[in-house]
Amino acid sequence: DPDSTLVHCKPGLEHVYQAFGPDRLVFGTNWPVSQKNAEMHLIKTVVYNFFEPKGKDVLEKVFAGNAKNVYHYASR
């Protein structure tokens, strides 16, 4: 259940958010190793639900924008 999982994970996610800020976070997983603990859709939903209230700009940074900057992504 994403809602109860978020309640459990929120303190850790908030700590990371406060420590690093939205410009230094990149969504990632340890899949497939982590699949024994939770399916990918649950992990993504929990993280998305945590960052969604922080605004569209933060969501875009965490789920793609920061990674594009770090890895110097260029559209082809």
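The legends below describe close-up views of a predicted model of a protein.

**Figure 1. Overall fold of the predicted model.** The secondary structure comprises three helices and zero strands. Along the sequence these elements follow the pattern α-α-α. Taken along the principal axes, the C-alpha atoms fill a box of roughly 40 × 25 × 20 Å. The protein has 76 residues, of which 20% are buried. Of the contacts between residues at least 6 apart in sequence, 66% join residues at least 24 apart.

**Figure 2. The largest nonpolar core.** This core has 12 residues. Its members are L6, Y17, L25, A38, L42, V46, V47, F50, F51, V58, L59 and V62. Two or more residues are contributed by each of the helices α1 (2–20), α2 (40–51) and α3 (56–70). Which helix provides the largest share of the core? That helix is α2, with five residues.

**Figure 3. Surroundings of Y17.** Y17 is one of the residues of the largest nonpolar core. When its neighbours within four places in sequence are left aside, Y17 is in contact with P22, L25, F50, F51, K54 and V58. Among these partners, L25, F50, F51 and V58 are also listed in the core. Y17 is in addition one of the residues through which α1 meets α2.

**Figure 4. Packing of α1 against α2.** The two helices pack at an angle of about 60°, and their axes lie 9 Å apart. An angle of this value falls outside the 65 to 115 degrees that count as roughly perpendicular, and α1 and α2 are therefore oblique to each other. Their crossing is right-handed. On the α1 side, the contact is made by P2, T5, L6, C9, K10, L13, E14 and Y17. On the α2 side, L42, T45, V46, N49, F50 and F51 take part. By class, the residues of this contact comprise nine nonpolar, three polar and two charged.

**Figure 5. Packing of α2 against α3.** Here the helices pack at an angle of about 145°, with their axes 9 Å apart. The crossing of α2 and α3 is right-handed. From α2, the residues K44, V47, Y48 and F51 meet V58, L59, V62 and F63 of α3. The residues of this contact divide into seven nonpolar, no polar and one charged. Several of them belong to the largest nonpolar core, including V47, F51, V58, L59 and V62.

**Figure 6. N66 and its contacts.** N66 is located in helix α3. Is this residue buried or exposed? Its relative accessibility is 6%, and N66 therefore counts as buried, since the cut-off for a buried residue is under 20%. Residues up to four places away in sequence not being counted, N66 touches P22, D23, R24, L25, V26 and K61. Two of these partners, P22 and L25, are also in contact with Y17.

**Figure 7. H72 in the segment after α3.** H72 lies beyond the last residues of α3, in the segment that comes after this helix. What is the sign of its phi angle? Phi of H72 is near 50°, a positive value in a residue other than glycine. The relative accessibility of H72 is 68%, and the residue therefore counts as exposed, because the cut-off for an exposed residue is over 50%.

Methods. Residues are numbered from 1 along each chain as its sequence is written. This is a predicted model: local features need pLDDT of at least 70, side-chain atom pairs count only at pLDDT 80 or more; totals for chains, interfaces and linings use all residues. Side-chain values use heavy atoms; hydrogens and water are left out. A nonpolar core is a set of buried Ala, Val, Leu, Ile, Met, Phe, Trp, Tyr and Cys residues joined through side-chain atoms within 4.5 Å. Buried means under 20% relative accessible area, exposed over 50%, partly exposed in between (1.4 Å probe, protein chains only). Helices (H or I, at least four residues) and strands (E, at least two) are DSSP runs, numbered from the N terminus. Contact means heavy atoms within 4.5 Å. Axes are lines fitted to C-alpha atoms, for helices over the stretch in contact, and angles run from 0 to 180 degrees between N-to-C directions. Angles under 35 degrees count as roughly parallel, over 145 as roughly antiparallel, 65 to 115 as roughly perpendicular and the rest as oblique. A crossing is left-handed if the near helix is turned anticlockwise from the far one by less than a right angle, and right-handed if clockwise. Ala, Val, Leu, Ile, Met, Phe, Trp, Tyr, Cys and Pro count as nonpolar, Asp, Glu, Lys and Arg as charged, and the others, Gly among them, as polar.
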